[in-house]
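Colleague: Hi! Could you walk me through this structure?

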Amino acid sequence: MRTYHCFWLLFWAGQPHQSFLTPLSKRTSGFPEKEKVLVLSGNSRRDLHRSKRSWMWNQFFLLEEYTGTDYQYVGKLHSDQDKGDGSLKYILSGDGAGDLFIINENTGDIQATKRLDREEKPVYILRAQAINRRTGRPVEPESEFIIKIHDINDNEPMFTKDVYNASIPEMSDVGTFVVQVTATDADDPTYGNSAKVVYSILQGQPYFSVESETGIIKTALLNMDRENREQYQVVIQAKDMGGQMGGLSGTTTVNITLTDVNDNPPRFPQSTYQFRAPESTPPNSPVGRIKANDADVDENAEIEYSITEGDGYDMFGITTDKDTQEGIITVKKALDFENKNLYILKVEATNTHVDPRFLYLGPFKDSATVRIQVEDVDEPPMFSRPAYIMEVKEDVPINSVIGTVTAQDPDAAKNPVKYSVDRHTDMDRVFNINSGNGSIFTSKLLDRETLLWHNITVIAAEINNPKQSSRVPVFIKVLDVNDNAPEFAMFYETFVCENAKAEQLIQTLSAVDKDDSYSGHQFSFSLAPEAASSSNFTLQDNRDNTAGIFTRKTRYNRHEMSTYFLPVVISDNDYPIQSSTETVTIRVCACDHRGKMLSCNAEALIHPTGLSTGALIAILLCIIILLVTVVLFAALRRQRKKEPLIISKEDIRDNIVSYNDEGGGEEDTQAFDIGTLRNPEAIDDNKLRRDILPETLFMPRRTATARDNTDVRDFINQRLKENDTDPTAPPYDSLATYAYEGNGSVAESLSSLESVTTDGDQDYDYLSDWGPRFKKLADMYGAMDSDKDS
């Protein structure tokens with residue numbers, strides 16, 4: 001017969017609020033006697049049996065935030081195999097087993113060791129089992145049960161933001177949506193009213209209201225004006241427990257800004273404005289600024305100014321300064337105090353962005369009166385014309401008046417004016433002007449053919465204040481008179497063949513005239529009276545401003561007469577008639593039967609240079625030979641040319657030998673042998689200069705060692721003698737520098753700085769024997785010796 005064993009899970013249960021509010025210091029304290037037992041059979045955990053006064057449960061309930069001093073009692077595990085002899089052991093596993101929840105292994109009592117928070121973990125799943133203490137084998141199958149944490153109202157509502165920012169247009173209607181605030185409660189929304197949140201307004205009435213369930217903030221007051229108040233701070237409260245007494249609450253701040261609308265028209269602060277403008281104010285210059293005030297901001301405060309009425313409507317204009325919203329009154333035309341000294345304008349200011357919703361508030365524009373007083377200034381004289389054009393004949397005598405300019409002071413004082421010519425425009429002083437009446441007259445003779453137009457500038461200045469002056473251009477045109485005789489259009493030099501026939505045309509003549517002819521030039525040609533009867537040629541006037549020269553006889557002989565000079569008289573038809581006599585040169589030449597010239601005395605006509613082709617070829621060959629000779633000579637000189645002693649950009653022949661090589665000091669053995677500079681005896685005969693390439697190898701001459709304390713004169717004379725006898729010395733004057741300086745030099749130092757420190761006195765009397773060039777030096781050193789003696 002199979003035996004079924006049951007595992008009972010017992011716990012105390014009763015009314016939820018009564019049992020959970022009572023602290024459980026002991027297992028049986030505060031709980032009713034009613035028990036609920038979970039019986040699990042040994043073969044199946046699903047076989048549940050209900051006995052009298054007993055219920056089978058698989059979950060426990062436990063209040064959160066337990067504040068008692070003892071462990072909180074949860075329930076009891078019991079197996080039907082438990083005989084009370086201590087042979088069974090109860091064990092617990094699952095969420096929080098051994099830490100949050102502990103079990104008495106002998107009795108099966110379960111207790112919570114810590115305060116539990118439903119918001120952290122609302123449900124714990126545990127497994128219970130009874131095992132044989134001696135064998136360690138389970139006597140019952142493992143049973144699973146749940147411990148649910150019952151919620152209490154321990155969390156206040158929290159807003160999603162600490163501070164809300166919102167804005168609405170001013171003048172909004174009542175009930176206009178502003179912003180919605182949201183608060184959340186961490187308590188269990190399914191258990192009681194712990195998480196039921198209700199909104200209310202603590203600060204911000206009567207301007208705003210809030211919906212209690214949604215948290216939507218709306219306007220509650222009509223026509224809120226931004227110009228009166230722009231910022232509002234509203235405090236909203238969220239309270240749980242449906243807002244009942246004892247509920248927890250939280251608050252948030254909502255900053256609400258009223259944005260601007262165009263509900264205010266522009267207004268001038270005064271009805272009349274006064275300005276003054278000097279009459280010398282140039283056009284487009286500002287006269288003054290006016291401003292209409294607008295309580296709105298940004299584009300709602302933008303204003304456009306205009307002149308609507310007034311006697312200065314065409315004299316002044318107004319523009320808007322976009323940065324300051326001011327109206328700038330400017331001058332459109334030149335002002336004249338003597339003509340009009342007061343202008344009255346009506347200026348209107350209008351909003352550029354008008355909101356139709358607020359037109360009922362009145363027209364969004366305003367007007368003001370502007371009075372502009374024109375001030376008199378000392379103006380310069382004004383000419384009667386902006387420019388003058390005058391004409392004068394070129395044959396007028398000096399001091400002839402050609403015209404008059406007029407200027408007067410426009411001021412009421414009518415100061416007298418004096419005139420003058422700007423000499424920068426009349427450098428030759430051809431014209432002058434009467435300083436009193438402005439009449440312009442000539443001071444030199446005119447010539448139209450030299451200069452047709454004279455452009456001068458006349459200055460008019462007040463006598464009392466010469467700084468007040470004005471200028472006017474005067475254009476003077478020189479009119480032509482017939483004062484130039486016609487002349488040949490070119491120089492005529494022609495020839496006639498020896499075998500020419502009579503009445504043969506040999507040259508056509510034409511003439512020009514510098515004068516200007518309104519009806520066109522008409523020239524007449526004729527032979528001079530002295531040549532008309534005895535000439536070998538005749539002249540025929542073609543009546544078209546040209547004439548032809550014809551032969552009078554049949555043959556000419558160049559050996560008898562090689563050149564003829566034919567005088568021709570040219571006249572014009574203007575008044576007065578002008579005429580001139582021009583000469584035509586005619587050479588007699590030998591010609592072939594076709595009339596082509598072969599040779600004549602006038603070879604310059606054919607070869608202007610006077611040289612034949614053979615002569616030109618000979619000259620060219622001579623030039624080529626000369627060039628070849630110069631090139632060969634230069635090549636020979638280059639072969640003979642010795643390598644320069646000076647390698648420098650500047651070759652100075654009265655010569656300073658300069659070595660622009662800077663070595664590395666005494667340790668530099670790759671450059672120059674510095675030991676040579678210290679001791680002339682150390683010269684290596686086999687060492688050559690490294691800076692030039694020698695052409696001929698000469699044996700280096702050995703320089704005699706200078707004696708100790710050698711006199712400077714003897715040292716120089718010795719070196720001079722050596723250079724004079726040296727065949728390798730340069731053939732031109734040379735300055736040799738002996739840089740023997742220092743203790744290692746046999747010649748010792750040549751510096752006058754070191755000589756001062758020597759104990760021995762030096763005798764410089766020999767300087768007087770060197771001639772007048774050393775006289776100054778001898779006087780200086782002689783004077784030093786005298787000072788020492790004294």
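Modeller: Happy to; we can talk about a sheet, some aromatic rings and some charged pairs. Keep in mind that this is a predicted model.

Colleague: Let's start with the sheet. In what order do the four strands of the open sheet come?

Modeller: The order is β35-β37-β40-β39, and the pairing is antiparallel.

Colleague: Which strands are the edge strands?

Modeller: They are β35, residues 487–488, and β39, residues 537–541. Each of these pairs on one side only.

Colleague: And what holds strands of a sheet together, in general?

Modeller: Strands pair through backbone hydrogen bonds, and they can do so in a parallel or an antiparallel way.

Colleague: Back to β39, then. How many bridges join β39 to β40?

Modeller: There are five bridges, and β40 covers residues 546–551. The two strands run antiparallel. If you want a spot to look at, find Leu-539, which has Ile-549 of β40 opposite.

Colleague: Nice, found it. New topic: how many aromatic pairs are there?

Modeller: The count is 12 aromatic pairs. One of them is Phe-159 with Tyr-199, a tilted pair with 6.2 Å from centre to centre and 50 degrees between the planes.

Colleague: What does the pair of Phe-159 and Tyr-199 tie together?

Modeller: Phe-159 belongs to strand β10 (residues 158–159) and Tyr-199 to strand β14 (residues 198–203), so the pair ties together parts that are 40 residues apart in sequence.

Colleague: Are Phe-159 and Tyr-199 buried or exposed?

Modeller: Both Phe-159 and Tyr-199 are buried. Another pair is Phe-537 with Tyr-564, and that one is edge-to-face, with 5.4 Å between centres and 80 degrees between the planes.

Colleague: Where do Phe-537 and Tyr-564 lie?

Modeller: Phe-537 is in β39, the edge strand we just talked about. Tyr-564 is in strand β41 (residues 563–571), so this pair ties together parts that are 27 residues apart in sequence. Both Phe-537 and Tyr-564 are buried.

Colleague: Which residues form an aromatic cluster?

Modeller: Tyr-207, Phe-208 and Tyr-232 form one.

Colleague: Can a charge sit over a ring too? Which ring has the charged end of Lys-340 over it?

Modeller: That is the ring of Tyr-343, with the charged end of Lys-340 at 5.4 Å from the ring centre. Lys-121 also lies over a ring face, that of Tyr-124, at 5.6 Å from the centre.

Colleague: Now salt bridges. How many does the structure hold?

Modeller: It holds 21 salt bridges. Take Asp-260 and Arg-226, whose closest N and O atoms are 3.1 Å apart. This pair links distant parts of the chain, 34 residues apart: Asp-260 is in the loop between β18 and β19, and Arg-226 is in the loop between β16 and β17. Both Asp-260 and Arg-226 are buried.

Colleague: What about Asp-321, which residue does its side chain meet in a salt bridge?

Modeller: It meets Arg-289, at 3.1 Å from N to O. Asp-321 is in strand β22 (residues 316–321) and Arg-289 in strand β20 (residues 286–290), so they tie together parts that are 32 residues apart in sequence.

Colleague: Why does Arg-289 count as partly exposed?

Modeller: Because its relative accessibility is 42%, which falls between the 20% limit for buried and the 50% limit for exposed. Asp-321, at 18%, is buried.

Colleague: Got one more for me?

Modeller: Sure: Arg-423 and Asp-426 meet in a salt bridge of 3.0 Å, N to O. Arg-423 is partly exposed at 22%, whereas Asp-426 is buried at 5%. Finally, Lys-89, Glu-105 and Arg-133 are joined into one network by salt bridges that share partners.

Definitions and conventions. Residues numbered from 1 in each chain as written. Predicted model: local features only at pLDDT ≥ 70, side-chain atom pairs only at ≥ 80, totals over all residues. Heavy atoms only, no water. Pairing = 2+ DSSP bridges. Phe/Tyr/Trp six-rings, centres within 6.5 Å; stacked < 30°, edge-to-face > 60°. Buried < 20%, exposed > 50% of the residue type's maximum accessible area, 1.4 Å probe, protein only. Lys NZ or Arg CZ within 6 Å of the ring centre and 35° of its normal. Salt bridge = Lys/Arg side-chain N within 4 Å of Asp/Glu carboxyl O.
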